[in-house]
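Student: I have just opened this structure and would like some help reading it. Could we go through it together?

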Amino acid sequence: MGTAGGAFQSFTALAERQPGRYGDKPFLTWYDDARGQRVELSFKTFDNWVAKVANLLVEELGAGPGDRVAAVLVDHWQTAVVLAACWRAGVGVVVVEPGAGGAALAAALDAGGAVAAFVREEWVAEAAAVVAAAPGRPALVALTADLAGRSEHDLGAALNFTRAVPAMGDLFPGAADLEGEALRLVPDTAAAATMAGLLGEAARLAGRTGLGDGDRLLSGLGLLTPAGAATGLLAPFGSGAGVVLASAFEPARFWKRVADERVTVAALAPAQAESVLAAGPPPADLDRSRLRAVTCPAAQVTVALRTGFAERLGVPLLPDG
């Protein structure tokens, strides 16, 4: 399929088309190396999770098109689901950096009147007090590190995401593409993007790298940023490609992951690219032959970095932009 232009004009159209087109093909592969976890979702399974969370938003949390939710989350496959579900329901996401404190969450809840807050378990206790004092008393949804929903922290009255979502419906009727901000970072109010802007960036990356439905993209960019959402979620989803994500980028694991997951394109932050270059070429027994390009934000790509990738690693480094 094509990767630019019409393929990325509407998230709603993508959400309705791609699961049927690609079905059981692997879409999202996620690693938490510290916990020894690997989770893989097909296009069909990802769509099912998205539909269930979208139904939770609308039926249980009272969200509707044009509303917003706050998110205090980490890079996780469930974070990708939450983003896609919010956009499917026409809901914008206001992101709070974990550990930023109650004032930042309060600002996010006040930004357009958030109807809910999706919070990682480590920060639920702090978030509960902020949510209780917020106008309209938004709902508090807790996401746990444990895949079965068991928590290492007291979740209080928060809704347990992993236990609540399975009971929701498998189909979601959908909503028109969000016209306002799809993603905003607090307190960095300059870091905001519309749905059209995110899709445009995803289309540009797909076109620049030739990303298609035979590819596997590894993204080291944080999902809860405009660049990370466009690169690690929308670009592969719209292209029919698979995507490999991790809870944390570890340069020592980069080449083995490229080999194990048959990665063809990698998207890295500048510091990540520097660390990969510093670690040197991969061991001879690792097959990295499928990796045809690494992309990185253009403004921070030095001549030395590009030359190092080409000469020492044998992979072109494509400036992003």
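Here is a short conversation about the sheet, the core and the salt bridges of this predicted model.

Student: Which strands stand at the edges of the open sheet of seven strands?

Tutor: Happy to help! The order across this sheet is E7-E6-E5-E3-E4-E8-E9, and the pairing is mixed. An edge strand has a single partner strand, so one side of it is left without a neighbour in the sheet. The strands at the edges are E7 (159–160) and E9 (192–194).

Student: What is the bridge partner of Phe-118 in E6?

Tutor: Start with the pairing: strand E5 (residues 116–120) runs parallel to strand E6 (residues 139–143), over five bridges. Phe-118 also appears among the residues with the most contacts inside the largest nonpolar core, along with Phe-46 and Trp-87. In E6, Phe-118 has as its bridge partner Val-141.

Student: How many residues apart in sequence are the parts tied together by Arg-68 and Glu-181?

Tutor: These two side chains form a salt bridge, with their closest N and O atoms 3.1 Å apart. Arg-68 lies in strand E3 and Glu-181 in strand E8, so the pair ties together parts whose separation in sequence is 113 residues.

Student: Is Asp-33 buried or exposed?

Tutor: Asp-33 forms a salt bridge with Arg-253, the closest N and O atoms being 3.7 Å apart. Arg-253 is partly exposed, at 36% relative accessible area. For Asp-33 the relative accessibility is 18%, and the cut-off for burial is under 20%, so Asp-33 counts as buried.

Terms used:
Residues numbered from 1 in each chain as written. Predicted model: local features only at pLDDT ≥ 70, side-chain atom pairs only at ≥ 80, totals over all residues. Heavy atoms only, no water. Pairing = 2+ DSSP bridges. Helix = DSSP H or I, 4+ residues; strand = E, 2+ residues; numbered from the N terminus. Core = buried A, V, L, I, M, F, W, Y, C linked by side-chain atoms within 4.5 Å. Buried < 20%, exposed > 50% of the residue type's maximum accessible area, 1.4 Å probe, protein only. Salt bridge = Lys/Arg side-chain N within 4 Å of Asp/Glu carboxyl O.
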